[in-house]
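Welcome! Please take a moment to look over the model below before reading on.

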Amino acid sequence: MSGSDILGVEGLSMRFGGIVAVNDLSFSAQRKKITALIGPNGAGKTTVFNCITGFYKPSNGTMRLTHDDGTDIQLERLNDFRISKLAKVARTFQNIRLFPGMTALENLMVAQHNALMRASGFTFLGLIGSPGYRAAEKHAIDLARLWLDRIGLLERADDAAGNLPYGDQRRLEIARAMCTEPALLCLDEPAAGLNARESAALSDLLLSIRADHGTSILLIEHDMSVVMEISDHVVVLDYGVKIADGSPQQIRDNPKVIAAYLGADEEEALKVMESGT
Amino acid sequence: MATLVTEPTASRVPGIAFILKKALISALVALVLFSLMIGIRTEAGPSGQLIYWTRFGDLFAMVAAVFGGSIVVELLRQWWGPVGTIRIVPPRVQSGLAFARKLIAPVLLLFTFLVPVIFYDQRYILDLGILVLTYVMLGWGLNVVVGLAGLLDLGYVAFYAVGAYSYALLATNFGLSFWVCLPLAGILAAFWGVLLGFPVLRLRGDYLAIVTLAFGEIIRLVIINWQSLTGGPNGVTGIPRPTLFGIPLTPGEDGLAAKLGIEFSPTHRIVFLFYLILALALLTNWVTIRLRRLPIGRAWEALREDEVGCRALGINTTTTKLTAFATGAMFGGFAGAFFATRQGFISPESFTFQESALVLAIVVLGGMGSQLGVALAALAMIGGFELFRGLDQYRMLVFGVAMVLLMIWRPRGLIGHRAPTVFLRHSQAISSDLVKEGHG
């Protein structure tokens with residue numbers, strides 16, 4: 001495995017009783033690149049995500065995360081909150097999981113919990129209002145303000161997250177994940193339910209995250225226009241098995257992928273492709 | 001609950017048929033319920049045999065009352081429903097109400113400070129004030145666990161008991177003063193809070209409620225049965241009264257009255273206790289308000305909103321839940337120590353499930369998470385209960401009706417909305433529809 005990979009997944013399997021959701025999957029995500037994980041419904045994409053972010057404990061396999069400074073972390077040995085805290089892997093959810101009764105700003109403040117906890121001397125210094133904590137809180141608000149500005153929600157900072165339109169909630173969830181200052185950002189269908197214009201804005205946001213922050217992104221997406229436009233590398237899953245791996249162009253021309261999406265066999269897919277072009 | 005309220009407004013004019021149908025159903029339910037309760041009266045005869053007679057007249061009067069009442073309630077709902085009030089009340093009155101709402105907390109606080117001055121020679125009112133403030137403090141303590149962290153705790157009285165017995169036993173056995181025991185009682189209660197927290201961390205919702213309920217009972221049963229330590233059902237007697245930093249409030253030579261050169265009066269002690277519990281309650285309030293604005297408090301509220309979301313952000317939900325339990329328990333412990341020193345005698349009878357239920361009712365009625373709401377609810381529950389004393393046997397009935405009405409019109413408590421902990425431009429209250437109750 002080359003040194004430019006941030007995440008290396010080797011032989012990952014996840015079984016639920018007799019059902020094999022992911023079978024012996026190996027792939028890698030490159031540093032400061034956008035890697036897309038695609039596949040038909042039920043291919044096991046979200047299961048892979050849940051393994052990487054520690055919500056599931058994989059049945060087999062290793063997942064190695066390499067930070068910029070060269071430290072290696074075996075993700076399968078950490079449980080959920082430590083993956084975010086120590087390994088710096090942040091994620092969003094397919095069904096949005098914001099804190100609906102808290103304001104947009106508060107959502108971004110909660111994301112900076114661990115940094116603020118240290119600054120508040122595990123609450124005790126914060127309780128007596130130490131200057132160190134005040135400075136840290138001001139810094140946290142500035143970071144939140146920066147992200148609210150980037151996703152275009154600065155005007156609605158004090159509105160409850162649950163009151164925001166759907167597209168704004170999607171972007172707010174990404175901003176919240178970015179407020180944890182992650183090395184790897186995992187996005188589970190960020191464009192689901194967005195209209196064409198919102199999808200385009202999302203693509204711009206993700207590209208700017210990669211360019212400005214050097215954050216590596218791993219995303220699951222069904223919207224092929226988004227996938228083909230922004231990803232540097234695409235991994236295709238079907239029935240828990242990797243069927244293809246390569247650049248967006250390679251994937252687009254791969255008959256196996258077309259076959260999987262059409263639910264047909266390879267020869268038929270080839271025919272369709274030929275007749276289409 | 002929310003659907004119950006919005007339903008009639010959704011269909012603007014439900015029509016007579018709808019109202020009659022609802023009234024008929026209500027009347028039918030009433031008929032089934034009351035047919036045995038009111039329709040038939042039974043008594044034991046002189047030689048032990050069963051005597052019964054029917055009271056169909058009363059039964060039909062009740063059913064008719066329910067039928068008529070249902071129609072009236074349904075009509076009232078259409079005129080004064082939640083949507084209606086916004087349209088009916090003019091904006092000027094509304095802004096006035098908002099202004100009054102801002103004033104209510106300072107005015108209430110000022111009044112509380114002046115209670116011992118105004119009612120100096122009315123011992124009954126002072127005692128009632130102390131009782132209300134004790135429940136305000138307990139409510140604020142439980143509010144951390146239930147209102148902020150969203151963990152339903154039905155055994156809060158256990159920590160109250162731990163605090164009370166900590167002070168009672170430390171003071172009677174080792175002669176420690178109240179001011180030394182107060183923090184100790186808080187620490188011990190917090191310790192038990194953590195002990196309870198550990199096994200229940202994996203439980204949610206109803207399951208959590210049942211286990212905390214059991215924990216409350218375990219503490220009480222241990223106190224009853226560990227006779228050598230706690231005195232069992234006889235309780236602990238002769239608990240020392242609090243002193244003003246070492247100066248006792250007694251008629252003797254070294255008492256406070258003698259030192260100040262004023263005439264001794266037993267009311268001094270009551271007034272002192274009043275200000276003591278007021279100070280403790282305000283401390284609880286101040287700490288809770290500060291904690292809400294600290295990362296730990298935001299994590300509690302985030303935990304109530306979405307636990308999975310919290311874990312994805314790297315928040316250790318285990319320690320977050322434990323700190324909520326410990327903080328709530330600590331305030332319960334303080335209140336318990338105060339209770340012991342006020343009573344001078346404690347026994348397991350004071351720490352039954354009923355107390356837990358009462359404190360929880362105060363928190364829910366006040367609006368979960370709202371400090372002012374909890375204080376108002378404690379005043380209404382404890383003070384209101386005393387207010388209705390003149391109604392004798394109908395007291396519970398009036399009380400029940402009042403609570404049902406409140407739950408119909410304000411299903412999320414007296415103050416249901418949530419104030420943000422941090423804001424960029426202006427703080428705007430968040431409607432209760434968005435705020436989650438937590439799943440334990």
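## A strand inside, and a side that meets chain B

In strand E9 of chain A, both faces are covered: His233(A), Val235(A) and Leu237(A) on one side are buried, and so are Val234(A), Val236(A) and Asp238(A) on the other. Buried here means that 20 or more other C-beta atoms, placed from the backbone, lie within 10 Å of the residue's own. In a regular strand, side chains alternate between the two faces of the sheet. Because six of the six residues of E9(A) (residues 233-238) are buried, the strand is largely enclosed by the rest of the structure.

This is a predicted model, in which local features need pLDDT of at least 70 and side-chain atom pairs count only at pLDDT 80 or more, while totals for chains, interfaces and linings use all residues. Residues are numbered from 1 along each chain as its sequence is written, and chains are lettered from A and ligands numbered from 1 in the order in which they are written.

Strands are DSSP runs (E, at least two residues) and helices are too (H or I, at least four), numbered from the N terminus. Two strands pair if DSSP finds at least two bridges between them. Here are the partners of E9(A):

| Partner strand | Bridges | Direction | One bridge pair |
|---|---|---|---|
| E3(A), residues 34-38 | four bridges | parallel | Ala36(A) with Val234(A) |
| E10(A), residues 241-246 | five bridges | antiparallel | Asp238(A) with Val241(A) |

The hairpin of E9(A) and E10(A) has two residues between the strands, and Tyr239(A) takes a positive phi near 50° there.

Now to the other chain: 34 residues of chain A are in contact with 33 residues of chain B, contact meaning C-beta atoms, placed from the backbone, within 7 Å. On the side of chain A that touches chain B, H3(A) gives the most, with five residues.

How values were computed: Contact = placed C-beta atoms within 7 Å. Buried ≥ 20, exposed ≤ 12 C-beta atoms within 10 Å, placed from the backbone.
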